[in-house]
Amino acid sequence: MANDIVIAFGGAAGDGNASAGNILAQASARQGLHVYAYNSYQSLIRGGHSYLRIRISDKKVTNHGDQVTALVTLNQDSMNRHLSELVSGGFCIYNSDKLKAGTAPAGVQMCPFPFYEIAGNDALPVMQNTVAIGILTRMIGMDFDVLKSVFEHTFAKKPQVVEANVKAAKAGYDYAEKNFKPLANALGKTKEKLAFVTGNELLAMGAANAGCKVYCAYPMSPASGILHWMGAHGKDLGICVRQVEDEIGVINMTIGAAHMGTRAMCATSGGGFALMTEAIGMASIMETPIVAINVMRGGPSTGLPTKQEQGDLNQAIGASPGDFPRMILAPTSIPDCYRTVAESFNWAEKYQIPVILLSDLLMSEGTETVGVDWLDYEPKIDRGEMIFEYKGGPTNYYRYKDTPSGVSPRAIPGTPEHLYVSATDEHDEDGVTISDVYTDPIIRKKMVDKRARKMDALLKELPPPQIEGPADAPVTLITYGSTWGVVKEAVETLNKEGVKVNHLSIKYLVPFQEKEVTALLKGKKTVVVEMNKSGQFARHLRAEAGITVDANIRKYDGEPFEPKHVVAAVKEVLKGKTLVESQSVEPGWRTPHPPGPGVLSTSSTH
Amino acid sequence: MPTAVAAPRDAKLYKPEVPPDWCPGCGDYGVLTVLQRACGELGLPNDQLMVVSGIGCSSNLPGFFRSYGMHSLHGRSLPVATGAKIANHEMTVIACGGDGDGYGIGQGHFIHSMRRNINLTYIVMDNEIYGLTTGQTSPTSETGMKTKSTPHGNPEGQLNPMAMALAAGCGFVARGFSGDINHLKSLYTQAIQYPGFALIDVFSPCVTFNKQNTFGWFKERVYKLEEKGHDVTDWNAAMARAKEWGAQIPIGVLYKNPNPKPSIDAADPALQGTALARQTKLGLTKEQRKKLIEEYV
């Protein structure tokens with residue numbers, strides 16, 4: 001734990017926690033330090049409570065950690081909520097002109113700073129954040145010059161802003177040197193070249209890197225980051241970016257574009273995905289390759305717009321009426337978003353199917369340091385069998401030709417001598433519909449079989465799933481998606497404590513690698529760790545592989561798992577529990593509400 | 001979009017082997033025949049045409065027209081057609097469907113496609129009834145009309161697509177009648193050549209389920225705007241004509257924006273060169289990637 005710290009920024013929406021935290025994180029990344037940040041926020045533009053946790057380490061970190069080393073409180077509420085969470089040896093930084101100190105836990109250093117005395121009487125109030133970052137920089141033993149370089153990079157076009165920030169930060173840094181005791185173990189440096197980036201940014205950049213040329217979306221948290229990235233970069237990269245009137249329009253436009261032969265993508269969250277579902281079936285029966293991202297959040301309905309959940313697996317599996325091939329896959333981490341989106345385009349085009357990529361709030365809005373080498377990557381672009389030009393002679397073209405693989409060479413509209421109409425009605429190989437006048441059970445079966453067959457070939461091509469951790473461990477934790485990063489650390493901790501467990505993270509949900517997964521889990525005590533109430537992923541394992549797991553660890557309170565939750569839950573399971581429902585219990589997560597309109601209001605209840 | 005007029009082609013070239021499956025006497029036959037003639041008159045190559053429909057009797061049209069086509073979901077022809085146009089802006093894109101498809105379930109896309117001003121032609125075969133589902137009231141059914149779903153008379157108001165189109169900023173608003181195909185053809189050719197979203201609402205009577213708004217009913221009422229000295233560039237005059245319903249119903253071009261702004265596909269920076277769908281070199285260059293990564297370092 002020596003060189004692994006968690007710094008939390010607490011404040012109201014609009015107080016600037018995120019930008020303050022971002023500057024610290026970028027400075028850390030520039031020192032080659034690894035960072036993972038999770039922002040717990042509310043669906044509010046101003047006010048409320050927002051809590052950003054940044055974990056910094058000289059080793060790779062894959063989650064936001066269990067406990068808080070340092071707290072920067074930007075308002076009194078945050079002081080009151082979170083001070084008790086600090087670990088011994090930690091510290092709390094606060095503006096003593098504005099805030100009253102709470103009762104510090106044993107071994108916690110309070111670091112009050114008189115803002116106006118330090119920054120000058122004419123300082124803008126927002127500069128308190130900058131002073132606090134200056135103090136932090138000193139407390140964690142980081143070079144001031146690195147912080148300065150981040151201000152210069154962030155405000156490159158506004159030299160006066162750079163100057164004001166550097167001045168305020170330096171004042172804080174110097175004040176800390178005189179008045180506070182820095183952390184015993186200063187953070188070091190590494191030589192790694194790291195970028196600090198969100199999952200949404202990597203989904204967007206990864207799509208651009210894979211040749212996405214049309215991106216359509218309707219704003220929805222927590223997927224909007226992809227739209228914002230595309231909006232900012234589309235013009236330079238030659239990507240047509242459209243904000244559409246609703247998610248129904250979004251996916252239909254995406255399909256229209258993909259049908260013409262361009263790589264097209266759309267993204268949303270669960271509610272928007274619900275509107276898209278009819279068109280998922282259209283993409284499948286018209287054999288139009290699209291990538292549709294669902295960044296899951298707390299549901300159902302509007303649910304918890306800014307909170308974490310893995311509740312949309314059932315929806316993805318059941319999206320759209322009918323029985324048809326689709327692919328569902330889930331990246332396992334922020335860096336994995338970058339390459340998973342690229343491979344999704346290949347699967348979509350090679351097999352002419354809709355690919356549903358399941359991300360979630362934690363992964364999409366979380367920020368992590370990712371190696372520059374990992375990002376500077378040229379993906380293999382495999383577009384499958386496509387026809388772009390007429391090469392002469394009679395073509396006798398069947399768009400939906402019944403081939404052994406089920407994949408029919410796809411002529412791009414506009415190509416001479418390859419005319420066809422694609423219909424959402426069932427159709428024959430030449431595209432003529434067999435739904436109204438020319439009904440035909442023989443052809444219907446042939447076409448259903450042809451499309452379904454594509455999944456067999458796809459399944460054979462998928463890279464095999466792998467166990468992480470000690471192969472001989474008798475217990476296997478099974479996950480999909482972003483829980484990978486938490487469970488990975490929990491598994492390491494448990495093994496250090498002598499509890500032998502390993503980890504199977506499943507990336508490909510549909511089609512499902514039944515044989516491989518069954519073989520890996522043979523003879524193991526199996527435990528699914530997932531973020532929903534009913535155990536959708538455990539049910540999926542049962543449905544696809546006939547595996548009824550021995551125990552389940554679930555969390556559905558809106559806040560993500562932390563390694564400590566999984567460690568504790570596994571111990572419960574080993575004592576015989578078959579279901580552990582984890583919860584974030586620190587009081588700081590909670591915001592009490594006034595009574596509802598039907599409730600008698602008494603001072604004693606609130 | 002054809003700017004120079006190509007050599008005219010035979011309308012038969014747009015006729016596939018599969019014959020229409022509409023009821024004998026359906027208004028949609030006229031709509032189809034005229035579309036084939038209009039494309040012939042403009043000399044449009046079949047492989048440069050994309051016809052996109054939704055669902056309904058009239059949305060079966062792409063299956064009876066020789067070109068590339070998409071027979072999409074109910075109400076979704078416009079977003080699909082928009083996607084097609086942005087992916088290949090060099091092709092002529094025609095969207096079509098019925099009144100239920102476009103003005104009912106697809107109403108949101110209808111308004112926004114006009115506001116968005118994507119360069120395509122939208123033909124609505126308006127029969128004031130749901131035909132394929134065997135005769136229920138539609139958004140353009142007259143108030144009081146008895147249908148299977150409103151046996152005591154339609155209690156709801158009748159939608160005015162012409163006024164809506166004008167209000168939504170549509171640059172080309174026209175109305176035709178399937179019973180007057182020469183007149184209709186000129187609306188099509190103008191619409192296809194118009195550099196922006198062009199709407200043609202075509203009275204296309206349903207001979208099976210709409211016993212009220214029949215060919216005869218329309219014949220008695222429609223009059224041609226061009227015979228009444230209507231100024232197609234006058235938006236207010238167009239709005240006044242759009243409100244006419246009853247004894248006198250105008251057909252022809254109601255409005256044609258004399259100074260159209262560039263359509264969204266013409267203005268989009270990504271659509272200035274080779275059509276997106278025709279670009280073969282995909283992905284980022286090393287330099288592009290490096291610049292993007294640099295933002296986060």
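A:V421 stands opposite B:G69, a residue of β2(B), and this placement belongs to a pairing across the two chains of the predicted model, in which β17(A) and strand β2 of chain B, residues 68-71, run in the parallel sense and are joined over 3 bridges.

The strand pairing can be set within the wider meeting of the chains, where 57 residues of chain A are in contact with 47 residues of chain B. On the side of chain A that touches chain B, the elements giving two or more residues include the strands β7 (194-198), β8 (212-217) and β17 (421-423), together with the helices α7 (199-209), α8 (224-237), α9 (247-259), α10 (270-285) and α14 (372-375). The largest share of that side, 9 residues, is supplied by α9(A). Sorted by residue class, the side of chain A that touches chain B holds 31 nonpolar, 16 polar and 10 charged residues.

Turning from the interface to chain A as a whole, one finds 19 helices and 24 strands. The radius of gyration of chain A is 26 Å, which is close to the 25 Å given by the globule rule for 606 residues, and therefore chain A is as compact as a globular protein of that length. Taken along the principal axes, the box filled by the C-alpha atoms of chain A is roughly 85 × 60 × 60 Å.

Two further values describe the interior of this chain and the reach of its contacts. Of the 606 residues of chain A, 54% count as buried, and among the contacts in chain A between residues at least 6 apart in sequence, 73% join residues that are at least 24 apart.

How values were computed:
Residues are numbered from 1 along each chain as its sequence is written. Chains are lettered from A and ligands numbered from 1 in the order in which they are written. This is a predicted model: local features need pLDDT of at least 70, side-chain atom pairs count only at pLDDT 80 or more; totals for chains, interfaces and linings use all residues. Two residues are in contact if their C-beta atoms, placed from the backbone, lie within 7 Å. Helices (H or I, at least four residues) and strands (E, at least two) are DSSP runs, numbered from the N terminus. Ala, Val, Leu, Ile, Met, Phe, Trp, Tyr, Cys and Pro count as nonpolar, Asp, Glu, Lys and Arg as charged, and the others, Gly among them, as polar. Two strands pair if DSSP finds at least two bridges between them. The radius of gyration is taken over C-alpha atoms; the globule rule is 2.2 Å times the number of residues to the power 0.38. A residue is buried if 20 or more other C-beta atoms lie within 10 Å of its own, exposed if 12 or fewer, and partly exposed in between; C-beta atoms are placed from the backbone.
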